[in-house]
Amino acid sequence: YYSVPFVPECGIPDIIVKYGLLYNWYAATDARNIAANGWHLPTQADMTALMLYLDPGGIASSNTAGGNMKETGNIYWTSQSAGTDNSSGFNARGAGSRYEIFSELRGSFSMWLSDEYESDAERAYISYILYNNDTLYNNTPISLKYYGQSIRLLKDSTSLTHGQAGTYTGNDGKVYRTICIGTQEWLADNLCETLYRNGDLIPEVIGSAAWAALTTGAMCAYNNDWNNV
């Protein structure tokens, strides 16, 4: 990320996010809270509500909502699928993921949900979007908890109406764009948070073996390059 002047009366955020940071599930759900007061990591139910607002015919996944959520153009995606229009204002970008290695920059957007996978304590739920179709994959996708995924926070309740924009101030003071979709106010950028709500630092873990062994919270930039954030 890099700083630009913040103009409160215009609702302009004081950072411009590229792909954001990647976090493991332990950081996303740490009791110290990666979300500022009044916000939370979305649940499966939250994500389903978003999906059904964008595509009322969706069930476990949606064949159109992903296109409504993806930023247009080929800067942050390998290519555009036919239905890519970002009509929701969600601005999803192909931030990729981290396993033992980094993978799929400009190819996929994956975000953590708070729900653990019922059949395997080492896994949790995600939602994701791919560059080459308009599907929002929801509810059934799971990820190992040590994987690095993006985070989008959701406001507990909002006074905004559909299509209105706002701002969110993180624990470390960065100010982000938000967008109201239906009755939900979402971050309109991937999270770049470096602190928990109590002021504790979220550790940055660079080494691949150390990352894969984690059972506590950590973050990283894609390819350990902060120019990607």
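Student: In the hairpin of β12 and β13, which residue takes a positive phi?

Tutor: This is a predicted model: local features need pLDDT of at least 70, side-chain atom pairs count only at pLDDT 80 or more, and totals for chains, interfaces and linings use all residues. Residues are numbered from 1 along each chain as its sequence is written, and side-chain values use heavy atoms, without hydrogens and water. Strands are DSSP runs of E (at least two residues) and helices are runs of H or I (at least four), numbered from the N terminus. The hairpin has five residues between its strands, and the one with a positive phi near 95° is Gly173.

Student: How many bridges join β12 to β13?

Tutor: Two strands pair if DSSP finds at least two bridges between them. In β13, Thr178 is the bridge partner of Gly166. The strands run antiparallel, and the number of bridges joining them is five.

Student: Which side chains of β12 point to the buried face?

Tutor: Buried means under 20% relative accessible area, exposed means over 50%, and partly exposed lies in between (1.4 Å probe, protein chains only). In a regular strand the side chains alternate between the two faces of the sheet. In β12 (residues 165-169), Ala165, Thr167 and Thr169 point to one face and are not buried. Pointing to the other face, and buried, are Gly166 and Tyr168.

Student: Which element supplies the largest share of the largest nonpolar core?

Tutor: A nonpolar core is a set of buried Ala, Val, Leu, Ile, Met, Phe, Trp, Tyr and Cys residues joined through side-chain atoms within 4.5 Å. The largest one has 38 residues, and Tyr23, Trp112 and Leu153 are among those touching the most other members. β3, α1, β8 and β15 each supply at least two residues. The largest share, three residues, comes from α1.

Student: How many residues does the second, separate core have?

Tutor: In soluble globular proteins, nonpolar side chains tend to be buried together. Here the second core includes Leu54, Trp77, Phe109 and Leu154. Its residue count is 20.

Student: How far from Asp46 is the nearest side chain of opposite charge?

Tutor: Lys and Arg count as positive, Asp and Glu as negative; His and the chain ends are not counted. A salt bridge needs a side-chain nitrogen of Lys or Arg within 4 Å of a carboxyl oxygen of Asp or Glu. Asp46 lies in helix α2 (residues 44-54). It is buried without a salt bridge, and the distance to Arg197 is 13 Å.

Student: Which side chain makes a polar contact with that of Asp46?

Tutor: A polar contact is a pair of N or O atoms within 3.5 Å; within protein, one must be able to donate a hydrogen and the other to accept it, and residues adjacent in sequence count only if both atoms are side-chain atoms. Contact in general means heavy atoms within 4.5 Å. Not counting residues up to four places away in sequence, Asp46 touches Leu154, Gln184 and Trp186, among others. The polar contact, at 2.9 Å, is with His40.

Student: Which residue caps the N-terminal end of α2?

Tutor: Among the buried residues of α2 are Gln44, Met47 and Leu50. At the N-terminal end, a side-chain oxygen lies 3.3 Å from the backbone nitrogen of Ala45. That oxygen belongs to the cap, Thr43.

Student: What is the relative accessible area of Asn223?

Tutor: Asn223 lies in the segment after β15. It has a positive phi of about 60° although it is not a glycine. Asn223 is partly exposed because its relative accessible area is 48%.
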